[in-house]
Amino acid sequence: MPDSILLWFKSFVPPRSNVDRFERMRSCAGSLFGILLAGLASYAILPREAATIWLIAPMGASAVLLFAVPASPLAQPWSIIGGNLCSALIGVSCAKLIQEPALAAAVAISLAIGAMFLARCIHPPSGAVALTAVLGGPVVHDMGYAFVLAPVLLNSVLLLLAALFFNNATGRRYPHAQQSAAPHPHQTRDELPISRLGFSHEDLDAVLKNYNQVIDIGRDDLEEIFLQTEMRAYHRRFGETRCQDVMSRDVVAVEFATSLDEAWRLLQTHRLRALPVVDRARHVIGIVSRTDFLEHAGVEVHTGLAAQLRTLLHRVPFSHSDKPEVVGQIMSRPVVSAGVDTPVLELVPRMADGLHQIPVVDADGKLAGMLTQSDMIAALYEKNLAAARSLPAAGLRSAA
């Protein structure tokens with residue numbers, strides 16, 4: 001057999017899936033749970049008659065989307081509800097108005113696709129719903145438009161409820177709504193620093209527009225995949241610098257009960273922006289920054305800054321006070337932290353989006369160090385400088 005024909009046959013075989021065993025088992029268990037719940041509930045709700053249809057076949061295809069690929073735009077709540085309703089209405093109408101079954105089926109599918117595009121609820125199994133309404137036989141035809149409500153709408157709602165519960169209970173965000181762009185912390189028209197290098201949101205939008213096809217992945221997920229790919233390529237080229245390699249180890253920290261005036265003195269003495277707050281076992285429970293002090297002092301304008309800070313820091317000589325007295329009352333939590341083995345590059349987006357320092361914890365969750373923007377800049381500078389120095393040497397070797 002010629003190699004070209006063999007390659008042509010091999011093109012029909014899909015590549016090996018990157019999904020692990022747990023995710024496959026999760027999807028199978030979810031479809032079992034969803035179809036069983038939808039079927040039993042529909043059977044209990046609908047009349048117990050021989051001609052009653054309590055579960056339609058397209059729900060099996062919907063279960064594949066809702067439990068195996070819950071992040072797909074085609075598997076979102078409006079997709080299944082809107083897509084199935086539009087298709088059922090169109091299918092029943094075509095069955096009543098067009099006598100020829102083959103023509104009615106073709107028209108129903110065509111109009112259903114157009115309606116789903118218009119209503120932004122594309123759901124592939126909905127095509128089977130339209131086809132069922134046309135070719136479902138006398139039982140479906142006798143139901144007329146009641147078929148839209150039961151079993152189509154009833155099955156769809158029950159399966160959606162099962163997907164909402166199961167996916168979130170097993171660690172999958174559902175609905176998987178596209179995340180809006182993070183607001184600029186300084187409320188200016190500039191892009192966030194992390195967006196000024198590499199591709200931008202506008203670049204991705206332009207490429208998707210030129211691609212001009214429906215893709216079975218959310219835009220935010222696609223952007224995240226591209227960003228992770230860029231990061232992995234950087235790791236491969238320049239190696240990995242981990243937090244423990246560049247973090248500050250002699251960390252000034254405070255406890256929950258540390259007084260505000262003592263914490264402020266430490267910030268001033270050591271010229272720090274923030275202090276990690278730890279418990280007696282050195283687990284990080286919060287972080288207190290200069291911003292926290294200013295916010296709780298009620299500072300909005302520059303006038304009266306010193307007086308307002310003095311009022312906040314002054315200890316009240318009573319057992320009870322509405323004014324914050326200790327660090328634990330003004331600290332920020334939960335805390336964004338990193339492990340000692342976390343690659344520094346993974347923290348670049350968080351640092352670029354406004355964080356100035358991140359506590360670093362060991363395997364037991366205890367404070368091990370502090371990573372600041374200065375540490376980050378130094379690490380990236382050293383890596384790029386080393387890469388730049390290696391280029392001339394590589395050129396000399398190739399010339400030799």
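**Exercise 1. How many of the six residues of β3 are buried?**

Solution. In this predicted model, strand β3 is mostly covered, with five of its six residues buried. To see where one residue of the strand fits in, begin with Ser289, whose place is in β3, a strand that covers residues 284-289. Ser289 has a relative accessible area of 17%, and since buried means under 20%, Ser289 is therefore counted as buried. The next step is to look for what lies against this residue: once its neighbours within four places in sequence are set aside, Ser289 is in contact with Leu267, Arg273 and Ala274.

**Exercise 2. Determine how β3 pairs with strand β2, and describe the connection between the two strands.**

Solution. Strand β2, made of residues 274-278, pairs with β3 in the antiparallel sense, and five bridges hold the pairing. One of these positions can be followed on the structure, for Val278 has Val284 of β3 as its bridge partner. The two strands form a hairpin with five residues between them, and in this hairpin Arg282 takes a positive phi near 70°.

**Exercise 3. Work out the order of the strands in the sheet that contains β5, and state which strands stand at its edges.**

Solution. The sheet is open and consists of three strands in the order β4-β5-β6, with mixed pairing. Because β4 and β6 each have a single partner strand, they stand at the edges, and one side of each is left without a neighbour in the sheet.

The two pairings can now be taken in turn. Strand β4, residues 338-339, runs parallel to β5 and is joined to it over two bridges; Ala338 stands opposite Val360, while Gly339 has Val361 as its bridge partner. On the other pairing, β5 and strand β6, residues 367-372, run antiparallel and are joined by five bridges, with Ile358 standing opposite Leu371 of β6. β5 and β6 also form a hairpin, with five residues between them, and Gly365 in the turn has a positive phi of about 80°.

**Exercise 4. Is β5 mostly covered or mostly uncovered, and which residues lie on each of its faces?**

Solution. Strand β5 spans residues 357-361 and is mostly covered, as five of its five residues are buried. To assign the residues to faces, recall that in a regular strand the side chains alternate between the two faces of the sheet. In β5, Gln357, Pro359 and Val361 are on one side and Ile358 and Val360 are on the other, and all are buried, so that both faces are covered.

**Exercise 5. Describe how helices α4 and α8 pack, and then list what makes up their contact.**

Solution. Two packed helices are described by the angle between their axes and the distance between the axes. For α4 (residues 77-97) and α8 (residues 146-169), the angle is about 165° and the axes are 10 Å apart. The two helices are therefore roughly antiparallel to each other, and their crossing is right-handed. On the side of α4, the contact is made by Pro77, Ile80, Ile81, Asn84, Leu85, Ala88, Leu89 and Val92, and on the side of α8 by Phe147, Val148, Val152, Leu153, Ser156, Val157, Leu159 and Leu160. Sorted by class, this contact of α4 with α8 has 14 nonpolar, two polar and no charged residues.

**Exercise 6. Carry out the analysis for helices α5 and α6.**

Solution. The axes of α5, residues 101-119, and α6 come within 9 Å and cross at roughly 150°. That angle makes α5 roughly antiparallel to α6, and α5 passes α6 in a right-handed crossing. The residues of α5 in the contact are Pro101, Ala104, Ala105, Ala108, Ile109, Ala112 and Met116, and those of α6 are Ser126, Gly127, Ala130, Leu131, Val134 and Leu135. By class, the contact of α5 with α6 has 11 nonpolar, two polar and no charged residues.

**Exercise 7. Identify the buried residues of helix α3 and what covers them.**

Solution. In α3, residues 58-68, the buried residues are Pro58, Met59, Ser62, Ala63, Leu65, Leu66 and Phe67. What covers them includes α2, α4, α6 and α8. For the wider setting, the chain has 16 helices and six strands, and 36% of its 400 residues count as buried.

Conventions
Residues numbered from 1 in each chain as written. Heavy atoms only, no water. Axes fitted to C-alpha atoms, helices over the stretch in contact; angles between N-to-C directions. Helix = DSSP H or I, 4+ residues; strand = E, 2+ residues; numbered from the N terminus. Parallel < 35°, antiparallel > 145°, perpendicular 65-115°, else oblique. Left-handed = near helix turned anticlockwise from the far one by under 90°. Contact = heavy atoms within 4.5 Å. Nonpolar A, V, L, I, M, F, W, Y, C, P; charged D, E, K, R; others polar. Buried < 20%, exposed > 50% of the residue type's maximum accessible area, 1.4 Å probe, protein only. Pairing = 2+ DSSP bridges.
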